[in-house]
Amino acid sequence: VLTVRDYALDNVREWMSEYKNSIVKISGFDFEEIKAIVEQEPFCVKNGKYQRKIYDIAKGNARLAVMMAIIARETNKLESLNNVADLFEQYFETFVSDENAFKDKRVLKALGIISFFYTLPYDDNELLNSVASSFSISSDELREAFDRLHSLDLVELNYEHIRIGEQNLSTYFFYKVFIKDKLLSFAKLWNNYFDQLK
């Protein structure tokens, strides 16, 4: 049994083509499964309204459900689960403020860029030069930031591609870099990439 993310599925499918195989797509968790997770220690979210709200927002994503359960337990306020942006802020802000690497705007920009593209080929100079140029940074700075993030285990470098392994962390950094802190221009993102990557 192998597990693989979507970005590497084609490679694995090619490697496995000479063997008898089948692919099983894993779906998100249903309400009862999310409820079972958030009811357990250390979350102990037993209130049905909280459980339903967590399920509705998490949409089957167990990681997001766990994040919400932590916030629900800490605040004990249903309205604390209303705004997903606030939820990400509360969950990740301590982590970001504790790590020196995040004081470097190049590192944050690199995270924002990876978050948008989901995965980038590490050794494709033409593509990295194009992306870096779009955001007025050099491809060398971008690669240096990727290497630093990889050494901190914040990004994965697999199959010669760089990506953020944790989907929720990726969503948070997209929000932080392009929306909240405006370190990179959302307008440039829109103008340069919307037609290709709707």
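In which handedness of crossing does α2 pass α4? The crossing is right-handed, and the second view below comes back to these helices. This is a predicted model, where local features need pLDDT of at least 70, side-chain atom pairs count only at pLDDT 80 or more, and totals for chains, interfaces and linings use all residues. Residues are numbered from 1 along each chain as its sequence is written, and side-chain values use heavy atoms, with hydrogens and water left out.

**View 1. The whole protein, with its ten helices and three strands.** Helices (H or I, at least four residues) and strands (E, at least two) are DSSP runs, numbered from the N terminus. Going along the sequence, you meet them in the order α-α-α-α-α-α-β-α-α-β-β-α-α. Taken along the principal axes, the C-alpha atoms fill a box of roughly 55 × 50 × 35 Å. Of the 198 residues, 39% count as buried; buried means under 20% relative accessible area, exposed over 50%, and partly exposed in between (1.4 Å probe, protein chains only).

**View 2. Helix α2 (residues 31–39) against α4.** Two packed helices are described by the angle between their axes and the distance between the axes. Here the angle is about 40 degrees and the axes are 10 Å apart, which makes α2 oblique to α4. Axes are lines fitted to C-alpha atoms, for helices over the stretch in contact, and angles run from 0 to 180 degrees between N-to-C directions. Angles under 35 degrees count as roughly parallel, over 145 as roughly antiparallel, 65 to 115 as roughly perpendicular, and the rest as oblique. As for the right-handed crossing of α2 and α4, the term means that the near helix is turned clockwise from the far one by less than a right angle, while anticlockwise would be left-handed. Ile 34, Ile 37 and Val 38 of α2 meet Ala 62, Ala 65, Val 66 and Ala 69 of α4, where contact means heavy atoms within 4.5 Å. Sorted by type, that's seven nonpolar residues, no polar and no charged. Ala, Val, Leu, Ile, Met, Phe, Trp, Tyr, Cys and Pro count as nonpolar, Asp, Glu, Lys and Arg as charged, and the others, Gly among them, as polar.

**View 3. Helix α7 (residues 125–134) crossing α10.** The axes of α7 and α10 come within 10 Å and cross at roughly 135 degrees, so these helices are oblique to each other. Ser 130, Val 131 and Ser 134 in α7 meet Lys 188, Asn 192 and Tyr 193 in α10. The contact of α7 with α10 divides into two nonpolar residues, three polar and one charged.

**View 4. The largest nonpolar core, with 52 residues.** A nonpolar core is a set of buried Ala, Val, Leu, Ile, Met, Phe, Trp, Tyr and Cys residues joined through side-chain atoms within 4.5 Å. Ile 54, Ile 113, Leu 142 and Phe 146 touch the most other members. Helix α4 (residues 62–75) gives the most to this core, with eight residues. Leaving aside residues up to four places away in sequence, Ile 113 touches Leu 120, Val 131, Phe 135, Ile 137, Leu 142, Phe 178 and Leu 184.

**View 5. Loops with a cis bond and positive phi values.** Most residues other than glycine have a negative phi, and most peptide bonds are trans. A cis peptide bond joins Glu 41 and Pro 42, with omega about 5 degrees. Asp 153 has a positive phi near 60 degrees and counts as exposed, at 68% relative accessibility. Lys 182 has a positive phi near 50 degrees and sits in the loop between α9 (167–180) and α10 (186–193).
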